[in-house]
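Student: Please take one part of this structure and look at it closely. I would like to hear about the largest pocket and what lines it.

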Amino acid sequence: MNQAVAESINKSLKSSTADYTPKGYHITELESDAIYLDEHFSGNAKIFHNPAVPVLYEQALAFEHGSAITSTGALVTRSGLKTGRSPKDKRIVKEASSQDDIWWGPVNIAMDDLSFMINRERAIDYLNTQEKIYVIDGYAGWDPKYRIKVRVICARAYHALFMHNMLIRPANREELRNFGEPDYTIYNAGQFPANRYTKGMSSSSSVAIDFARKEMVILGTQYAGEMKKGILTIMMYLMPKMGVLPLHSSCNQARNNGDTTLFFGLSGTGKTTLSADINRDLIGDDEHVWTDTGCFNIEGGCYAKCIDLSREKEPEIFDAIKFGAVLENVVYNEYSRKVDYNDVSVTENTRCAYPLEHIPNAKFPAIAGHPKNIIMLTCDAFGILPPVSRLDANQVMYHFIQGYTAKVAGTEVGVTEPTATFSSCYGEPFIVWHPTKYAEMLASQLHKHSARAWLINTGWTGGSHGVGSRIKLAYTRAIIDAIHSGELENVPTTKMDVFGFQVPNSCPGVPSEILMPINGWADKEKYVQTMHKLAKLFIENFKKFQDKASPELIAAGPILPQ
């Protein structure tokens with residue numbers, strides 16, 4: 001670590017009310033070294049600056065309870081009490097430079113500057129008391145024109161390895177030495193709680209972003225996904241200011257002609273699974289930006305759900321879980337170290353973070369051309385939406401703003417109906433501007449580059465959950481293959497009642513009787529009742545966006561008979 005890097009890191013570790021002047025530096029080319037911080041604390045904190053993966057393995061195994069190596073070489077970790085994100089604890093500082101841009105409300109909850117500074121000092125003070133600190137410098141965004149430099153400062157090797165995988169890594173030590181000052185800094189003191197009496201705190205967890213200070217502070221949650229999604233939130237704010245469109249989507253590209261496809265979808269709709277196509281190159285599985293020259297991945301890795309994972313269903317993801325990958329909250333055999341992906345006794349949200357290099361068909365750099373097709377995925381447990389529909393421009397905007405999927409009925413006695421879930425732009429917890437801004441930018445890009453848009457239902461057919469059956473993955477893959485080959489583009493369509501979708505009359509490899517949903521329902525009266533129920537849910541949810549929606553956009557949604 002050279003003098004400039006050491007000074008930069010120590011600058012990041014200065015508290016808001018105390019000036020920590022380092023006593024001295026040990027200049028070295030090693031992966032990590034010791035830097036003396038402030039004499040007020042322990043006096044000798046060892047800083048691991050972008051250490052090698054084996055070093056992080058050693059640190060986690062030696063000092064972090066619950067760490068182990070699996071039979072395939074991945075590192076197993078535990079995220080503590082929180083095994084998922086805490087959206088109710090997310091805050092954005094309300095300050096002059098950004099307050100007029102932000103869609104304030106239950107998604108973006110305002111925080112005052114004083115509360116942020118209290119949390120910031122609390123986090124930095126905690127980090128400065130640690131015997132060892134991990135610093136990861138990397139990039140968000142593969143396109144150099146739009147990328148930002150990110151510094152993560154944390155106290156767990158697990159968090160460091162996670163962000164080593166998820167950020168784009170400097171190519172070599174020389175690039176790391178010349179990294180300079182970060183554009184954004186993440187202070188992850190997740191082992192230490194927020195003070196619940198600090199103004200604006202709803203619990204002992206806090207995830208806060210200050211766009212003016214260009215900082216993010218994490219307290220009271222060790223779930224690593226907060227860092228990843230924090231960066232997405234930052235990009236969701238910054239990119240529209242630069243005139244480009246950030247998207248919560250996956251992306252792949254044809255090898256033969258470079259045709260690019262974007263996949264939108266909430267958790268459980270198949271976004272990661274369907275974009276991991278062995279016959280196409282993977283650009284990324286979750287976060288992208290659409291510019292005037294094409295699409296680029298924001299991340300350097302993938303973050304896949306592991307529940308019920310098998311090589312038979314998802315071979316690319318299964319085989320990516322090897323040395324260097326981080327497995328969160330999974331259960332494994334104590335003797336063989338083989339992971340049981342069906343065991344959800346810790347959480348259903350078992351996850352794995354691995355670098356893009358672990359996917360054999362990943363494209364480097366992770367940049368693609370303009371999308372030829374946009375695929376919006378939904379898992380409709382009501383059994384109403386068609387397996388595939390062709391969308392016009394207004395329908396694209398409408399369904400992008402809605403971001404619909406449905407959760408199946410749970411195990412609670414008496415709960416038998418599916419539950420509709422709406423998440424604006426297929427990523428509501430991460431958007432910063434009003435949803436219509438992203439939707440209008442998407443419609444503009446679709447028009448400018450003549451991209452086609454499709455809505456694909458990976459959920460139920462022939463009835464709602466409990467009566468009908470899940471649409472076979474083979475059928476969904478056949479539909480996507482027909483979209484990519486162009487076969488589905490010119491197939492005659494029939495307009496669906498109420499929702500107004502243009503539904504193809506046929507598709508290679510898919511039984512024609514399931515394409516129009518009513519044909520698969522034995523009880524036609526029940527079908528109509530359920531369709532009207534779902535339509536009312538759509539109409540009711542869209543009311544919160546109507547103040548900025550045109551009459552044409554409103555008309556693109558379901559229309560109930562008078």
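Tutor: What follows describes the largest pocket, then turns to the largest cavity.

This is a predicted model, in which local features need pLDDT of at least 70 and side-chain atom pairs count only at pLDDT 80 or more, while totals for chains, interfaces and linings use all residues. Residues are numbered from 1 along each chain as its sequence is written, and side-chain values use heavy atoms, without hydrogens and water.

On a 1 Å grid over the protein atoms alone, a pocket is an open set of points with protein on both sides within 12 Å along at least five of seven lines; a cavity is a set where a 1.4 Å probe fits but cannot get out, and lining residues have an atom within 4 Å of a point. Points are joined across faces, edges and corners, and a volume is the space filled by probe spheres set on them.

The largest pocket has a volume of about 2,000 Å³. Its lining has 49 residues, and L266, S267, G268, T269 and K305 are the closest to its centre. Elements giving two or more residues to this lining include α7 (271-275) and β17 (301-305); helices (H or I, at least four residues) and strands (E, at least two) are DSSP runs, numbered from the N terminus. α7 gives the most, with four residues. By class, the pocket lining holds 17 nonpolar, 17 polar and 15 charged residues, where Ala, Val, Leu, Ile, Met, Phe, Trp, Tyr, Cys and Pro count as nonpolar, Asp, Glu, Lys and Arg as charged, and the others, Gly among them, as polar.

The largest cavity holds about 110 Å³ of space. Among its 13 lining residues, K90, V207, E226, K229 and T233 lie nearest its centre.
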